[in-house]
Amino acid sequence: QPDVKFLPISGRYLVKYKGKWIFISCRREEQKLDGMSVGFTETISLTSLNKNKKIFQDFIKDVVLEYSNANKDKLIIKTFDKYSWIETNTRDKRNKDSLFYDDTILETIEQDLTKFYERKEWYKCLGIQYKRGYLFFGEPGNGKTTLAMYLASKFNKVLCVLNLKSFSSDEGLVNAFSSLPH
């Protein structure tokens, strides 16, 4: 079975769904304020000669279901593209056997994250921002990225990747962190 990704790629498409033709138009437009770029708007339009709007509801439901099923055992990776986080890759989830770390270090991090995820309401009640960060350091090839991929896989989270060299100012970096997906 082919690897299918559902991404809003600009263009026009004609799809036959449940015996009905659906015309799909995808656009990505840059938004400007006083001549300065401030982000993008992505628009997906569905059109059909069929008068019953249920065909669109069923189509969207099936696309979302297919996407979810195709990615249920995948790690979703997003990168920051100037103004927003964009899904750029999926990979097979990592398992613990692919790591070369001391088990006590892994257990400590796993327990800390488990406790953190269980206490969301506690943070909310106390007015504390519900965030957790880890800084992994070391030489290239020591497994920092693999550890991050394993933790995201274990806790069914999206892995967000930033290239610090792509930011020309602190403002861009602050924007990236403030708009992290949940």
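**Group meeting: salt bridges, cores and a pocket**

By the rule used here, this structure has seven salt bridges. The rule asks for a side-chain nitrogen of Lys or Arg within 4 Å of a carboxyl oxygen of Asp or Glu.

A word on the model before the details. It is predicted, so local features need pLDDT of at least 70 and side-chain atom pairs count only at pLDDT 80 or more, while totals for chains, interfaces and linings use all residues. Residues are numbered from 1 along each chain as its sequence is written, and side-chain values use heavy atoms, with hydrogens and water left out.

Back to the salt bridges. Start with Arg27 and Glu29. Their closest N and O atoms are 3.0 Å apart. Are these two buried or exposed? Neither word fits. Arg27 is partly exposed, at 42% relative accessible area. Glu29 is partly exposed too, at 36%. Here are the cut-offs: buried means under 20% relative accessible area, exposed means over 50%, and partly exposed is in between, with a 1.4 Å probe and protein chains only.

Next pair: Lys74 and Asp92. Their side chains meet in a salt bridge of 2.8 Å, N to O. This pair links distant parts of the chain. Lys74 sits in strand E4, residues 74-81, and Asp92 in strand E5, residues 84-92. They are 18 residues apart. What are strands and helices here? They are DSSP runs numbered from the N terminus: helices are H or I with at least four residues, strands are E with at least two. Lys74 is partly exposed, with a relative accessible area of 29%. Asp92 is exposed, at 52%.

Third pair: Asp112 and Arg132. The N to O distance of this salt bridge is 3.0 Å. Asp112 lies in helix H2, and Arg132 lies in the loop between helix H3 (120-126) and H4, so the pair ties together parts that are 20 residues apart in sequence. Asp112 is partly exposed, at 26%. Arg132 is partly exposed as well, at 37%.

There is also a network. Which residues does it link? Salt bridges join Lys18, Lys54 and Asp58.

Now hold on to Arg132, and turn to the largest pocket. How is a pocket found? On a 1 Å grid over the protein atoms alone, a pocket is an open set of points where a 1.4 Å probe fits, with protein on both sides within 12 Å along at least five of seven lines; lining residues have an atom within 4 Å of a point. The largest pocket holds about 1,500 Å³ of space. That volume is the space filled by probe spheres set on the points, and the points are joined across faces, edges and corners.

Thirty residues would be a long list to read out, so look at the centre. The lining has 30 residues, and those nearest the centre are Arg132, Gly133, Val158, Cys160 and Leu180. Four elements give two or more residues to the lining: helix H2 (103-118), helix H4 (144-154), strand E6 (159-161) and helix H5 (170-178). Which one gives the largest share? H4 does, with five residues. By type, the lining has 20 nonpolar, five polar and five charged residues. Nonpolar covers Ala, Val, Leu, Ile, Met, Phe, Trp, Tyr, Cys and Pro; charged covers Asp, Glu, Lys and Arg; the others, Gly among them, are polar.

H2 and H4 come back in the largest nonpolar core. They are the elements that give two or more residues to it. A nonpolar core is a set of buried Ala, Val, Leu, Ile, Met, Phe, Trp, Tyr and Cys residues joined through side-chain atoms within 4.5 Å. This one has eight residues: Leu99, Leu106, Ile109, Leu113, Leu147, Tyr150, Leu151 and Phe155. Apart from it lies another core, of seven residues, among them Tyr17, Ile22, Ile55 and Phe56.

Take Leu151. Not counting residues up to four places away in sequence, Leu151 touches Ile109, Glu110, Leu113 and Phe136. Contact means heavy atoms within 4.5 Å.

Glu110 is in helix H2. It is buried, at 10%. Beyond four places in sequence, Glu110 touches Lys96, Tyr150, Leu151, Lys154 and Phe155.

Over in helix H4 is Ser153. Ser153 counts as buried, at 6%. What does it touch, leaving aside neighbours within four places in sequence? Leu75, Lys93 and Arg94.

Last stop: Ser25, in strand E2, residues 20-33. Ser25 is buried, at 14%. With neighbours within four places set aside, its contacts are Gly11, Arg12, Thr43, Ile44 and Ser45. Ser25 and Ile9 are 16 residues apart in sequence, and 9.2 Å apart in space, C-alpha to C-alpha.
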